[in-house]
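These are my notebook entries on a structure that I had not examined before. I set down what I looked up, one topic at a time.

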Amino acid sequence: MTDIDAIPGIIDHVRDGYRGGVLRSIAARETQLRQLRRMLGEFEQTLCEALRADLGKSALEAYTTEIGFTINEIDHTLRHLRSWSNPRRVKLPVHLRPGSAQIVAEP
């Protein structure tokens with residue numbers, strides 16, 4: 001269990017990593033998603049117990065509405081992350097032509 005006084009430092013550490021570009025690459029984002037997916041599997045029982053204690057959810061309900069749902073979302077994101085991250089060309093208004101523009105997705 002994380003000590004509540006340690007949380008601000010942890011948040012600052014995560015923000016520093018973001019500002020430093022730690023998760024800008026697709027490979028780094030895929031790695032983080034795979035690690036999150038693995039953690040959900042490894043700690044499924046602990047998560048189910050916490051959801052029972054906090055929200056009164058049965059193990060089946062906890063898996064269906066929280067854990068399994070999140071795993072499915074991670075799998076979906078891993079399948080589509082590369083295509084979602086590709087730059088997309090967009091049309092410009094007449095007064096900005098002959099220029100060109102694109103949307104570049106960033107985390």
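Entry 1, the surface patch. I began on the outside of this predicted model. I found a nonpolar surface patch of about 270 Å², made by Ile-4, Ile-7 and Ile-11. I then looked up where Ile-11 belongs, and it lies in helix H1, which covers residues 7-19. Its relative accessible area is 37%, so I entered Ile-11 as partly exposed.

Entry 2, the core. I turned next to the interior and asked which residues form the largest nonpolar core. That core has eleven residues: Ile-26, Leu-33, Leu-40, Cys-48, Leu-51, Ala-62, Ile-67, Ile-71, Ile-74, Leu-78 and Leu-81. I noted that at least two residues of this core come from each of three helices: H2 (26-42), H3 (44-55) and H4 (59-85). Helix H4 gives the most, with six residues. I also listed the neighbours of one core member, Ile-26. Leaving aside residues up to four places away in sequence, Ile-26 touches Leu-81, Arg-82 and Ser-85.

Entry 3, salt bridges. How many salt bridges are there? I recorded a count of six, and I examined three pairs individually.

In the pair of Asp-75 and Arg-37, the closest N and O atoms are 2.6 Å apart. Asp-75 sits in helix H4 and Arg-37 in helix H2, so this salt bridge ties together parts that are 38 residues apart in sequence. I looked up the exposure of both partners. Asp-75 has 21% relative accessibility and counts as partly exposed; Arg-37, at 34%, also counts as partly exposed.

Glu-42 forms a salt bridge with Arg-38, and here the closest N and O atoms are 3.3 Å apart. These two residues are four apart in helix H2, which means that about one helical turn separates them. Glu-42 has 52% relative accessibility and counts as exposed, since the exposed class begins over 50%.

The third pair I examined joins Glu-66 to Lys-57, with 2.7 Å between the closest N and O atoms. Glu-66 is partly exposed at 31% relative accessibility.

Entry 4, Lys-57. Is this residue of the salt bridge with Glu-66 buried or exposed? Lys-57 counts as buried because its relative accessibility is 12%, and the limit for buried is under 20%. I located Lys-57 in the loop between H3 and H4. Besides the salt bridge with Glu-66, I found a polar contact of 2.9 Å between the side chains of Lys-57 and Thr-65. Not counting residues up to four places away in sequence, Lys-57 touches Leu-51, Arg-52, Ala-62, Thr-65 and Glu-66. Leu-51 and Ala-62 were already in my list for the largest nonpolar core.

Entry 5, a peptide bond. Finally I checked the bond from Arg-97 to Pro-98. That peptide bond is cis, with omega near 15°. I made a note of it because most peptide bonds are trans. Pro-98 is found in the loop between strand E1 (88-90) and strand E2 (101-103).

Methods:
Residues are numbered from 1 along each chain as its sequence is written. This is a predicted model: local features need pLDDT of at least 70, side-chain atom pairs count only at pLDDT 80 or more; totals for chains, interfaces and linings use all residues. Side-chain values use heavy atoms; hydrogens and water are left out. A nonpolar core is a set of buried Ala, Val, Leu, Ile, Met, Phe, Trp, Tyr and Cys residues joined through side-chain atoms within 4.5 Å. Buried means under 20% relative accessible area, exposed over 50%, partly exposed in between (1.4 Å probe, protein chains only). Contact means heavy atoms within 4.5 Å. A salt bridge is a side-chain nitrogen of Lys or Arg within 4 Å of a carboxyl oxygen of Asp or Glu. A polar contact is a pair of N or O atoms within 3.5 Å; within protein, one must be able to donate a hydrogen and the other to accept it, and residues adjacent in sequence count only if both atoms are side-chain atoms. Patches are made of residues with over 30% relative accessible area and no salt bridge: like charges are joined within 9 Å, nonpolar side chains (Val, Leu, Ile, Met, Phe, Trp, Tyr) within 5 Å. Accessible areas come from the Shrake-Rupley method with a 1.4 Å probe; for residues, only the protein chains shown count as cover.
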